[in-house]
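Q: I am new to this structure and would like a close look at one part of it. Could you take me through it step by step?

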Amino acid sequence: MVEITYHKEGNFFVPDLYLEKEDYENNYIIGKYGHLRLEYLKNHKKAEYIIMFMNKTLRKHIVEIDKQAKKRFEILMKQMLEKNPIDENLKNTDPLKWTGLMNNYKHCAEEIVLKELIYC
């Protein structure tokens, strides 16, 4: 456990908390799902967020969730298109209908990802 030190500002003791750079996959750019998970932790699971922050595991958690969510999204889209294929000719003959169907699949897959991995 990390020991917290304090300094006095006026009549108050303020903790000396500094964000140390985590070395977990520094070159990985956190995407949409990672940022959504981070915001969820900050706003709804503060204790879990603080523990991960103090133990320097927050970045690892966010990166792993982001990767899992992206992979899960791709798998769900592939499964939906295999079960209910969309004719590629539809893209040329009726592009609005094709876009609507693809957006429907995308929103369904994203809703599942959000429920399973982000907001849990």
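Is E25 buried, partly exposed or exposed? And please tell me about its surroundings.

A: Happy to walk you through it. One thing to keep in mind from the start is that this is a predicted model.

E25 is partly exposed, because its relative accessible area is 26%, which falls between the 20% limit for buried and the 50% limit for exposed. You will find E25 in the loop between β2 and α1. Its backbone deserves a glance too: E25 is not a glycine, yet its phi is positive, at about 45 degrees.

Now look at the side chain. E25 forms a salt bridge with K67, with 2.7 Å from N to O. K67 belongs to helix α3, which covers residues 58–83, while E25 sits in the loop between β2 (12–15) and α1 (32–44), so this pair ties together parts that are 42 residues apart in sequence. Like E25, the partner is partly exposed: K67 has a relative accessible area of 31%. The general idea behind such pairs is simple: side chains of opposite charge can pair when their charged atoms come close.

Following K67 brings us to helix α3 itself. This helix has 26 residues and spans 37 Å from its first C-alpha to its last, close to the 38 Å expected at 1.5 Å a residue. Its buried residues include L58, I62, I65, D66, F73 and M80. The buried residues of α3 pack against α1, α2 and α5, the last of these being residues 95–118.

D66 also takes part in a salt bridge, this time with K70, at 3.2 Å from N to O. Both residues are in helix α3, and because they are 4 residues apart, about one helical turn separates them. Their surroundings differ in exposure: D66 is buried at 0% relative accessibility, whereas K70 is partly exposed with a relative accessible area of 34%.

Another salt bridge joins R37 and E48, whose closest N and O atoms are 3.8 Å apart. Here R37 is in helix α1 and E48 in helix α2 (residues 46–54), so the pair links distant parts of the chain, 11 residues apart. R37 is buried, with a relative accessible area of 3%, while E48 is partly exposed at 32%. The structure has 7 salt bridges by the rule used here.

Let us return to the loop that holds E25 and step back to the strand before it. β2 runs antiparallel to β1, and 4 bridges join the two. Together they make a hairpin with 2 residues between the strands, and G10 in that turn has a positive phi of about 70 degrees. Across the pairing, E9 stands opposite F12 in β2. Y6 is in strand β1, which covers residues 6–9, and Y6 also joins I4, F13 and L17 in a nonpolar surface patch, with about 430 Å² of accessible area together.

Finally, K56 makes a nice companion to E25. K56 has a positive phi as well, about 60 degrees, although it is not a glycine. K56 is placed in the loop between α2 and α3, and K56 is partly exposed with a relative accessible area of 43%.

To sum up, E25 is a partly exposed loop residue, and its side chain meets that of K67 in a salt bridge.

Conventions: Residues are numbered from 1 along each chain as its sequence is written. This is a predicted model: local features need pLDDT of at least 70, side-chain atom pairs count only at pLDDT 80 or more; totals for chains, interfaces and linings use all residues. Side-chain values use heavy atoms; hydrogens and water are left out. A salt bridge is a side-chain nitrogen of Lys or Arg within 4 Å of a carboxyl oxygen of Asp or Glu. Buried means under 20% relative accessible area, exposed over 50%, partly exposed in between (1.4 Å probe, protein chains only). Patches are made of residues with over 30% relative accessible area and no salt bridge: like charges are joined within 9 Å, nonpolar side chains (Val, Leu, Ile, Met, Phe, Trp, Tyr) within 5 Å. Accessible areas come from the Shrake-Rupley method with a 1.4 Å probe; for residues, only the protein chains shown count as cover. The expected span of a helix is 1.5 Å times one less than its number of residues. Contact means heavy atoms within 4.5 Å. Two strands pair if DSSP finds at least two bridges between them.
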